[in-house]
Amino acid sequence: MYKTALQAAAIGIAFASFAAHAAPAQTAEQLYQANCAACHGTRMEGAVGPTLGQHAWIHGAPTKANLIKVISKGVPEKNMPAWSPALSATQISMLADYIAANADKKLAAAPAAAPAAKPVAADLLSGFKLPKGFRISVYADGAETARSMVVSDSGIVYVGSRKAGKVYALVPRADKQSAQVVTIAEGLENPIGVTLLNGALYVGEIGRVIRFDNIDKRYAQKPSYEVVKVSLPNDKWHGEKVIKASPDGKLYIPVGAPCNVCDTDDTKSAKIYRMNADGSQLEEVARGVRNTVGFDFHPTTRQLWFTDNGRDEMGDNTPSCELNVLTKFGQHFGFPYCHGGVVPDPQFGKGRTCEEFVEPVAKLGPHVAPLGLSFYTGKQFPEAYRNNIFVAEHGSWNRSTKIGYTVRLITLYGNKQVSDTAFIDGFLRGDDVVGRPVDVVTLADGSLLVSDDYGGRIFRVTYDGK
């Protein structure tokens, strides 16, 4: 009997050891911190979501059975994702026990921000210049190297990044005046481009496009993704890829020139493409586009409008960066033969004329680096802003005197520019850079968001004038 007992004990120890190596157990605390703390606070004190301590439980009493139901199915109208089957039944049960044990306790509020943060933010905001009646605030902070943005129907803003290699979800807080930054993916290769199509988030990396299905319900779970089957160049120079879903249900994606200036007409580079949602039927729609890092579709004509960054090494004041419109597929916008619509290239322009190519709608200025652009379709701003374009100018990097570092308003009459005026100035203060605007999007309430990859912030502009 003694021998049998020893054998049984040995088998039990061996099995436990195997199980520990095969699937390391997580405590309820570890499960909570990994999956719930981003929205409900590290101490259950509340953040984006409500406290899980004593409060009015509007989705049923905090019994274990009800908590299992809520955790499993989520609360879609409150942007809480369904955790089944991402978590097992055992893990959800552990979380339910953990939350139920604290449900009747008065939990301390989250610690206040460091006192130094407020004066810095105040100094930052007071230095911006906007038209009368407009106000600017920080909507979200901590989105390192924030780049392109897209807004879901539920109000979550998805943000790509550059060197950070991350994709973020900006989840609105209860007051709708600011948002919590939640990292949904990391370790990616310069995932600057983001767009939404059929409930899925598409992300453009340098060499591939990936897709996160049903993203509004899965953003908090570090969701898995699928690789879209499409063959694109992966050159590092101008290789980062923005991406945009179009009104026709296609995905538009550019491929920049792998150089400052070179002849790319017989290659896949310096062109804009469109494809089906699954990556099939990749087709060229525009060529002669050196490096576009932002585009949008006109709200009524649905024509594609895009910025383009001019070449370097021709001096401080030439050529100009561009704002363009595609009026028919296959148009050529000049690169590398003609720049800014009027400047023949000293090497590649021989034997060519600028009249061969589509002239820009607007010449935005030399080396201002226009990136994201967006038609304003909200109702909060005055009517004069409706269906006109905001352009984020990232700012020059090699000009003897800095230029750009602003958000511009381009007003249109048909496809012609009427005016080009500063909407937000103050990202450049003297020779000091405090921010570099990248992209602009409109929230459902009509306010405008501007991403800043220099400070890792998202700014929000509201209008309270008469």
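Select Cys259 and Cys262 to begin: a disulfide (a pair of cysteine sulfur atoms within 2.5 Å) joins them, with an S to S distance of 2.0 Å. The torsion about this S-S bond is about -80°, so the disulfide is left-handed. Cys259 is buried (under 20% relative accessible area, with exposed meaning over 50% and partly exposed in between, for a 1.4 Å probe and protein chains only), at a relative accessible area of 8%. Cys262 also counts as buried, at 18%.

The model is predicted: local features need pLDDT of at least 70 and side-chain atom pairs count only at pLDDT 80 or more, while totals for chains, interfaces and linings use all residues. Residues are numbered from 1 along each chain as its sequence is written, and side-chain values use heavy atoms, with hydrogens and water left out.

Select next Cys338 and Cys354, whose sulfur atoms lie 2.1 Å apart in a disulfide. This link is right-handed, with 105° about the S-S bond. Cys338 belongs to strand β18 (residues 338-339) and Cys354 to the loop between β19 (343-344) and β20 (362-366), so the pair ties together parts that are 16 residues apart in sequence. Helices (H or I, at least four residues) and strands (E, at least two) are DSSP runs, numbered from the N terminus. Cys338 is buried at 5% relative accessible area, and Cys354 is buried at 12%. The whole structure holds 2 disulfides; with the bonded cysteines numbered in sequence order, the pairing is 1-2, 3-4.

Move now to the open sheet of 4 strands, in the order β1-β29-β28-β27 with antiparallel pairing; two strands pair if DSSP finds at least two bridges between them. At its edges, β1 (134-141) and β27 (437-442) each pair on one side only. Between β27 and β28 (residues 448-452), select the 4 bridges that join these antiparallel strands. Pro437 has Asp452 in β28 as its bridge partner.

For the interior, select Tyr158, Val167, Ala169, Ile184, Leu201, Ile215 and Tyr219, which touch the most other members of the largest nonpolar core, a set of 33 residues. Such a core consists of buried Ala, Val, Leu, Ile, Met, Phe, Trp, Tyr and Cys residues joined through side-chain atoms within 4.5 Å. Elements giving two or more residues to this core include α2 (28-35), α5 (89-100) and β4 (167-172). The largest share, 4 residues, comes from α5. Finally, a second, separate core of 30 residues includes Tyr252, Ala286, Leu304 and Val438.
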